[in-house]
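Here's a quick briefing to read alongside the model. Have the sequence and the 3D view open, and we'll go through it topic by topic.

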Amino acid sequence: QFRTLLALQLALFTLPEDMRSEALRRLLEVFGIEDPPRSPHHIKQPPQYMVDLYNTVAGADGITKDPDILEGNTVRSFLDKTHSDEMHFLFILSSVAKNERILTAELHLFRLRTKVAEGPFYRRHHFCQVSVYQVLDKNKLDSFEGKKLLAARLIALQGSGWEVFGITQAVRDWMEEDSSNHGLLVTVRGLGTAPVDPSMVRFASGRDHHESKKPMLVLFTDDGRRGAALPISSLPAESLTPDVRGGRSARSLDQLLPCQRQLLSVDFEEIGWSGWIISPRSYNAYHCKGSCPFPLGENMRPTNHATVQSIINALKLSQGVSSPCCVPDKLFSINLLYFDDDENVVLKQYDDMVAGSCGCH
């Protein structure tokens, strides 16, 4: 992926229009996207949960802080599509690819602050039970046939903020058969026989409340991509700059400098993707450049194979053996936070996208 990205970035702005389109298409493939998503029709703020998750996983430049934080490599968020005051929520999952493995699914509900309850029931009881059901048949919600319990939890009668419920099995069912997606039903009841005043425990709906408090489904998946690179030869040789083709002027310059890491900025605004990528706006992929002259010092981080190759080349013990090459010997992943075609916010992690260090191999 890194070598493909380097070739595309260096060639992108020197290509004829048809080759530029092909280069952008290949770059989208590196990021696992078939077509560039449309920019949102209006200025839209991503859910704060997704922004916070991105900041936990990645630095300001998008580089992964700790590869073990995320479960899988993709996190998708979906807002409720019912836009109703009822406790019935519907999430459209058509943007989830069939090859994505469903790891964990969560329902995030924002509990609104309500009035202080009075009366003997509220003096004896301080909790109520919130249950989340998978809707099987909208016409039979009053019976066991119409719904299946997914999660239930006691929550305090007083309080506000986000409540999170696990709904993984429902999402797996929907992915197997999308016509079975009739949404989720949430109920609140008191402990014992006395009912709870519905106004005491209220969750923000998809209609009348601020975007930041709307019901949300958060889905953790893995698409199986692990640094599968496109062959660099798949780009026409004539479309590459001299540095990428290995032209004489580039090789001469390389001989003057020892192998080292150099800057390579990838700016999504210049590429034309700033309308749908939220963060980062750009990042430094770095690239490796320079010579690997004999004898190879430890500062060039040579492999044993490179050391032997360097000796054979220097002593001319075999025909056609070149000196070792300056290449990345450590690669880091980056994270993108972006809007998909349905204006859902996605956090995706990509392996092997930043050269962490360079060595002679």
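## Salt bridges first

Arg153 and Glu163 bring their side chains together in a salt bridge, with N and O 2.8 Å apart. Arg153 sits in strand β5 and Glu163 in strand β6, so this contact ties together parts that are 10 residues apart in sequence. Bear in mind that this is a predicted model. Below are the other salt bridges worth a look, then the two sheets and a pocket.

**More on the Arg153–Glu163 pair**

- The two partners differ in burial: Arg153 is partly exposed, at a relative accessible area of 30%, while Glu163 is buried, at 17%.
- The cut-off for buried is under 20% relative accessible area, so the 17% of Glu163 puts that residue in the buried class.

**Other salt bridges**

- How many salt bridges are there by the rule used here? The count comes to six, and the Arg153–Glu163 pair is one of the salt bridges.
- Glu100 and Arg76 also meet through their side chains, at 2.7 Å from N to O.
- Why does that pair tie separate parts together? Glu100 is in the loop between β2 (88–89) and β3 (101–111), whereas Arg76 belongs to strand β1 (residues 74–79), so the contact joins parts 24 residues apart in sequence.
- Buried or exposed? Glu100 and Arg76 are both buried.
- Lys148 pairs up with Asp173 in another salt bridge, where the closest N and O atoms are 3.4 Å apart.
- That contact links distant parts of the chain, with Lys148 in strand β5 (residues 147–156) and Asp173 in helix α5 (residues 168–176), 25 residues apart.
- Lys148 is partly exposed, and its relative accessible area is 32%.

**The seven-strand sheet**

- Seven strands make up an open sheet, running β6-β3-β8-β1-β15-β14-β11 with antiparallel pairing.
- Which strands are at the edges? They are β6 (161–166) and β11 (277–279), each of which pairs on one side only.
- Going from one strand to the next, the twist averages 30°.
- At the β11 end, two bridges connect β11 with strand β14 (residues 326–339), and the two run antiparallel.
- If you want a register point there, Ser279 has Leu337 in β14 as its bridge partner.
- Two strands from the salt bridges turn up in this sheet's order, namely β6 and β1: β6 carries Glu163, and β1 carries Arg76.

**The four-strand sheet**

- Another open sheet has four strands in the order β2-β7-β4-β5, again with antiparallel pairing.
- β2 and β5 are the edge strands with a single partner strand each, so one side of each has no neighbour in the sheet.
- β5 is also the strand where you'll find Arg153 and Lys148.
- Two bridges hold the antiparallel pairing of β2 with strand β7 (residues 184–190), and Phe89 has Leu184 in β7 as its bridge partner.
- β7 also pairs with strand β4 (residues 127–135), in the antiparallel sense and over seven bridges.
- For a register point in that pairing, look at Ser131, which stands opposite Thr187 in β7.

**The second largest pocket**

- The second largest pocket holds about 470 Å³ of space.
- Its lining has 19 residues, and those nearest the centre are Gly32, Ile33, Glu34, Arg76 and Ser95.
- What is the make-up of the lining? It divides into 10 charged residues, six nonpolar and three polar.
- Arg76 links two topics here: it is one of the residues nearest the pocket centre, and its side chain meets Glu100 in a salt bridge.

Terms used:
Residues are numbered from 1 along each chain as its sequence is written. This is a predicted model: local features need pLDDT of at least 70, side-chain atom pairs count only at pLDDT 80 or more; totals for chains, interfaces and linings use all residues. Side-chain values use heavy atoms; hydrogens and water are left out. Two strands pair if DSSP finds at least two bridges between them. Axes are lines fitted to C-alpha atoms, for helices over the stretch in contact, and angles run from 0 to 180 degrees between N-to-C directions. On a 1 Å grid over the protein atoms alone, a cavity is a set of points where a 1.4 Å probe fits but cannot get out, and a pocket is an open set with protein on both sides within 12 Å along at least five of seven lines; lining residues have an atom within 4 Å of a point. Grid points are joined across faces, edges and corners, and a volume is the space filled by probe spheres set on the points. Ala, Val, Leu, Ile, Met, Phe, Trp, Tyr, Cys and Pro count as nonpolar, Asp, Glu, Lys and Arg as charged, and the others, Gly among them, as polar. A salt bridge is a side-chain nitrogen of Lys or Arg within 4 Å of a carboxyl oxygen of Asp or Glu. Buried means under 20% relative accessible area, exposed over 50%, partly exposed in between (1.4 Å probe, protein chains only).
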